[in-house]
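User: I am new to this structure and would like a close look at one part, the way its side chains line space, pair and pack. Please explain the terms as you go.

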Amino acid sequence: MRTIEEMGERAREAAAVLAAAGSREKDRGLAAIAAALREHTGEILAANGLDTARAAEAGTRPAMLDRLTLTGERVEAIARAVEEIIALPDPVGRVDRGGVRPNGLSITRLRVPLGVVGIIYEARPNVTADAAALCLKSGNACILRGGKEAISTNLALAGIMGRALEQAGLPAGAVQLMENTDRESARQMMRANGLIDVLIPRGGAGLIQAVVEGSTVPVIQTGVGNCHVYVDSPCDLGMAVEIIENAKCSRPSVCNAAETLLVHREVAEAFLPMAKAALDRYSVQLRGCPEARRILGEGVLPATGEDYAAEFNDFILAVRVVDSIEEAIRHIRRYSTGHSEAIVTGDYGHSQQFIRQVDAAAVYVNASTRFTDGGEFGLGAEIGISTQKLHARGPMGLEELTTTKYVVLGSGQIR
């Protein structure tokens, strides 16, 4: 088992090779990875079966078990996501801006790789392939540290991708996985200054907070998702039902799923029974304010402040009736994690007020929060959803995995 120092040195050597590689070389490596994933689907599924069996035995919740589980179709989707990255423009070497100064100096700003990207994540094995592919295309080496729940799957994926890169003439050290999944391995990555250039945590609030607070390596903070859907007055109530059903129920375990439903008092009597009928098909547990409970009956549990602050990652939804759009915005401002927020409205002025006053990486008008995703935004697979405001915000694709370098050409100028 390699130490973080050994892995870091190997990654830095690989990063130097990737920084000098052209788009064709990197795309050849990505194509080799996609082909290898398909060729070794049986090996991947066998490893994933070990992980899911352990998780089921440990009593893992169904929604979280779904995040862990791979099928032949999901492996194919992962391979297709890698191929979609091939088709995306390579940001490395692009000139952001440039010009000639009065003294004759030519100054341009180029996009360049970050170097070595460390990623700490939990039970989502697709992240292993997505992160590796995005890092490769953007010229970065990566050191991955997944959760113990998916260790068998992640080891299989990392091994397959490393061998594919070697066959394509690129260093296998460009994609490395930490085999140790204890907390000490995460702490080692957080302290690997000089070996890892940036650290990206992907997972629940506890993981992200631990990395942000404990790391001396620069961190890009990603996506705890306490997302809201606000149903305004006036609005198309049928459309609102479809939006909240999709936002909550299509995949409740992901960060862009809705966790709180806010409803204007003027439409609450008509809308809430319609919404409950749709959500009941998925056995969604509702936790509501006194007014929501009055309208829907005692089957709705009382909501607490903790419920409004929670990322449930499950078929649970907090509900609150509000008197105005201003009250809805105040609620969102208090409890939002800055991920994705939606308004369903037929009032153009209200839509613009919501856009201006709600502070989030993605703000939706008359659409589900489930679209906050690199693929849906046309970025290809994403490395994560950034909820911070420096360097990157929202879905992070290829460009967000680069930084800039100034190139200055002179003819003997001195200052």
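Analyst: Helices (H or I, at least four residues) and strands (E, at least two) are DSSP runs, numbered from the N terminus. The model is predicted, so local features need pLDDT of at least 70 and side-chain atom pairs pLDDT 80 or more, whereas totals for chains, interfaces and linings use all residues. Residues are numbered from 1 along each chain as its sequence is written, and side-chain values use heavy atoms, with hydrogens and water left out.

Start with the largest pocket, which has 31 lining residues (on a 1 Å grid over the protein atoms alone, a pocket is an open set of points where a 1.4 Å probe fits, with protein on both sides within 12 Å along at least five of seven lines; lining residues have an atom within 4 Å of a point). Nearest the centre of this pocket lie R124, N126, D130, R251 and D373. Helices α4, α5 and α6 each give at least two residues to its lining. The largest share of the lining comes from α5, with 7 residues.

R251, one of the residues nearest the pocket centre, leads on to the charged pairs. Its side chain meets that of D66 in a salt bridge, 3.3 Å from N to O (the term asks for a side-chain nitrogen of Lys or Arg within 4 Å of a carboxyl oxygen of Asp or Glu). This pair joins distant parts of the chain, 185 residues apart: D66 belongs to helix α4 (residues 62-68), and R251 to the loop between α10 (237-249) and β8 (258-264). D66 has a relative accessibility of 28%, so D66 counts as partly exposed (buried is under 20% relative accessible area, exposed over 50%, partly exposed in between, with a 1.4 Å probe and protein chains only). R251, at 24%, is partly exposed as well.

The structure holds 28 salt bridges. One of them joins K26 and D90, whose closest N and O atoms are 2.8 Å apart. K26 sits in helix α2 (residues 23-39) and D90 in the loop between α5 (72-87) and β1 (95-100), so the pair spans 64 residues of the chain. K26 is buried, with 0% relative accessibility, and D90 counts as buried at 18%.

R38 and E76 form another salt bridge, with 2.9 Å between the closest N and O atoms. Here helix α2, which holds R38, is linked to helix α5, which holds E76, across 38 residues. R38 is partly exposed at 30%, and E76 is partly exposed at 25%. Elsewhere, salt bridges link R94, D96, R109, R111 and E399 in a network.

Next come the aromatic rings. Across the whole structure there are 2 aromatic pairs (rings of Phe, Tyr and Trp, its six-membered ring, with centres within 6.5 Å; planes under 30 degrees apart count as stacked, over 60 as edge-to-face and the rest as tilted). Y282 and F315 are stacked, because their ring centres are 6.5 Å apart and their planes stand at 15°. Y282 lies in the loop between α11 (265-280) and β9 (285-288), and F315 in the loop between α13 (305-309) and β11 (316-322), 33 residues apart. Y282 is partly exposed at 34%, and F315 is partly exposed at 26%.

Y308 and Y335 make a tilted pair, 5.9 Å from centre to centre with 45° between the planes. Y308 is in helix α13 and Y335 in helix α14 (residues 325-335), so this pair ties together parts 27 residues apart in sequence. Y308 is buried at 8%, and Y335 is buried at 13%.

Last is the nonpolar packing. The largest nonpolar core has 69 residues (such a core is a set of buried Ala, Val, Leu, Ile, Met, Phe, Trp, Tyr and Cys residues joined through side-chain atoms within 4.5 Å). Helix α6 (residues 126-137) supplies the largest share of this core, 8 residues. L37, I119, I143 and I383 have the most contacts inside the core. Leaving out residues up to four places away in sequence, I119 touches A131, C135, I143, L144, R145, M189, L199, I200 and I383 (contact means heavy atoms within 4.5 Å). A second, separate core of 40 residues includes A258, A292, F312 and Y335.

L286, in strand β9, is buried at 6% relative accessible area. Beyond its neighbours within four places in sequence, L286 is in contact with K276, L279, L296, V300, L301, L317 and V319. The C-alpha atoms of L286 and V319 are 6.9 Å apart in space, while the two residues are 33 apart in sequence.
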